[in-house]
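Me: I would like to go through this model term by term, asking each time what justifies the word that is used. Please set each value against its criterion before you conclude.

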Amino acid sequence: MPSPTKFLRLAVVPIGLVLAMQQGRAADPVVSDDFVKIGIMNDQSGLYADLAGPGSVVAAKMAIEEFGGTILGKKIELVSADHQNKADIGAAKAREWFDRDGVDMVADFSNSSVGFAVQALAKDKNKIAIIMAASSDFTGKACTATSAQWVYTSYSNGYSLARTMTDAGDKSWFLLTVDYAFGHAFANDIRKAVTEGSGTVEGEVRHPLNTADLSSYLLQAQSSKAKVVALASAGADMANAIKQAAEFGINKSKTFVAPIVFITDIHAMGLASTQGLRFVSAFYWDRNPETRAWSEKFFKLHKAMPTMTQAGVYSAVRHYLHAIEAAGTDEAIAVMAKMKELPVDDIFTHNGRVREDGLLMHDMYLMQVKQPQESKEPWDYYKILATLPADKVFPPLEASACPLIKK
């Protein structure tokens, strides 16, 4: 249940302050409950724990520590929870956070089904949700005035990659799809790119989340006429598919594409199994001296180099706090207005911007996994083949289905 002090505070807010907040800046600092509380919600123990999990909490702490643990003279608090990749568990925890614990913003998710559930709840509760999950619908038909999408989308990592390959001559595809919102979104974007590039999708098979034995699904892909097998999955599912395809020798006759690849996946599978793999990524720890320095600090705390999701959580929390500072309040609408007004400039991206539909526009990178002999040190896994400008990897604003967009 919301704190009675919140209702009392709302009842006595002067009209001048209301008008100032509508203009995106409070006349005097106004922080609900006298603290700013941030929640990191993700898979802490399952197949997505390495790519997000405790590492995202570490990244959020690093952002908070940059502010000295306070904002507008008030303490910044951090809580975290494991949604176990179940939308009902995630929604229940978010409701508890919003109604009882005074949480102002929830970030990460790394699971589209959970993300949609919490995004809708945050809208109803006038709280902010910053989503590190793939479905393009987060900033499309499901967009809200209090949510944003960081890191990547099914369009940036599915459509763009598939269209590039199809245009280069890889015309026949088979989809191996994890059977929930994440996989469906990627499969839809890949299918669209292939058909628009005059290619064909020869078939699709869907498998349950966290499937250990993918042999029957891979054999269906092998028996198809497709040249390319697209793994519309991530984490352990994607890793299992790549390793088992190599064991069965299927990768000798088919080209495997994994739209979503995290550095923790490559670390777990090894360069011998993954060498030559191409994909699109939003972040690489060794891209430049700035990213390397931050990532080495992260490594000391987490004992692994950051994934693009973990770097994205750092960026999102940092930008959220800057927006509170600029708005002079933690009220969701005023803060989101500042998040869209201020540039995003940090180790994750320079000159990024949050669009009207909530999508963070930032450059992406075409990556290739190094051969074992090319790697010079632990976690030295990628070659950056090209920088992909934001306007090339994300759809234009006028194509957005977001109801906030004025047509």
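Me: Which residues lie nearest the centre of the second largest pocket, and how many residues line it?

Reply: In this predicted model, the lining of the second largest pocket comprises 20 residues, and those nearest its centre are Thr255, Phe256, Gly276, Leu277 and Arg278. The space in this pocket amounts to about 490 Å³. Two or more lining residues come from each of H6, helix H9 (235-248), strand E10 (255-257), helix H11 (271-274) and E14.

Me: How does the lining of the second largest pocket divide into nonpolar, polar and charged residues?

Reply: Nine of the lining residues are nonpolar, eight are polar and three are charged. Among the residues nearest the centre, Phe256 and Leu277 count as nonpolar, Thr255 and Gly276 as polar and Arg278 as charged, because Gly is placed with the polar residues and Arg with the charged ones.

Me: What makes a space a cavity and not a pocket, and how many cavities of 30 Å³ or more does the structure hold?

Reply: A space is called a cavity because a 1.4 Å probe fits there but cannot get out, whereas a pocket is open. Two cavities of 30 Å³ or more are present. The largest cavity has a volume of about 50 Å³, and its lining is made up of Val261, Phe262, Ile263, Ser281, Phe283, Tyr284, Trp285, Pro306, Thr307, Met308 and Tyr382. The second largest cavity holds about 30 Å³ and is lined by Tyr48, Leu51, Ser110, Tyr152, Phe182, Ala234, Ile260 and Phe262. Phe262 thus appears in both linings.

Me: How do the residues that line the largest cavity and the second largest cavity divide by class?

Reply: Around the largest cavity there are nine nonpolar residues, two polar ones and no charged residue, while around the second largest cavity there are seven nonpolar residues, one polar residue and, again, none that is charged. Tyr382 in the first of these linings and Tyr48 in the second fall on the nonpolar side, because Tyr is counted in that class.

Me: Why are strands E14 and E15 said to pair?

Reply: Strands are said to pair if at least two bridges are found between them, and strand E14 (residues 364-369) is joined to E15 by six, so the criterion is met. The two run antiparallel, and one of the partnerships sets Met364 opposite Leu388 in E15.

Me: What makes E11 and E15 the edge strands of their sheet?

Reply: The open sheet has three strands in the order E11-E14-E15, paired antiparallel, and strand E11 (278-281) and strand E15 (382-388) are its edges, each pairing on one side only. Neighbouring strands are turned by 30° against each other on average, with direction ignored. Helix H6 (residues 154-167) packs on this sheet, where it touches E11 and E14, and its direction makes about 140° with that of E11.

Me: Why does the pair E5 and E6 still count as paired strands, and in which sense do they run?

Reply: Three bridges join E5 to E6, which run parallel, and the pair qualifies because at least two bridges are required. Across it, Ala129 stands opposite Ser147 in E6. Both strands belong to an open sheet of six with mixed pairing, in the order E2-E3-E1-E4-E5-E6, whose edges are strand E2 (70-71) and strand E6 (147-149). Helix H14 (residues 332-341) packs on this sheet, touching E5 and E6, and its direction makes about 40° with that of E5.

Me: Why is the connection from E4 to E5 called a right-handed crossover?

Reply: The chain leaves E4, passes through helix H5 (residues 112-125) and arrives at E5; the crossover is called right-handed because this path runs clockwise when the strands point away from the viewer. E4 and strand E5 (residues 128-131) are parallel, with four bridges between them, and Met105 has Ile128 as its bridge partner in E5. On the side of E1, Met105 is the partner of Ile38.

Me: Which helix makes a right-handed β-α-β unit with E7 and E8?

Reply: Helix H7 (residues 181-196) does so. Strand E7 (residues 172-178) and strand E8 (residues 200-207) pair in the parallel sense over seven bridges, and Thr177 stands opposite Arg206 in E8.

How values were computed
Residues are numbered from 1 along each chain as its sequence is written. This is a predicted model: local features need pLDDT of at least 70, side-chain atom pairs count only at pLDDT 80 or more; totals for chains, interfaces and linings use all residues. Side-chain values use heavy atoms; hydrogens and water are left out. Axes are lines fitted to C-alpha atoms, for helices over the stretch in contact, and angles run from 0 to 180 degrees between N-to-C directions. Contact means heavy atoms within 4.5 Å. On a 1 Å grid over the protein atoms alone, a cavity is a set of points where a 1.4 Å probe fits but cannot get out, and a pocket is an open set with protein on both sides within 12 Å along at least five of seven lines; lining residues have an atom within 4 Å of a point. Grid points are joined across faces, edges and corners, and a volume is the space filled by probe spheres set on the points.
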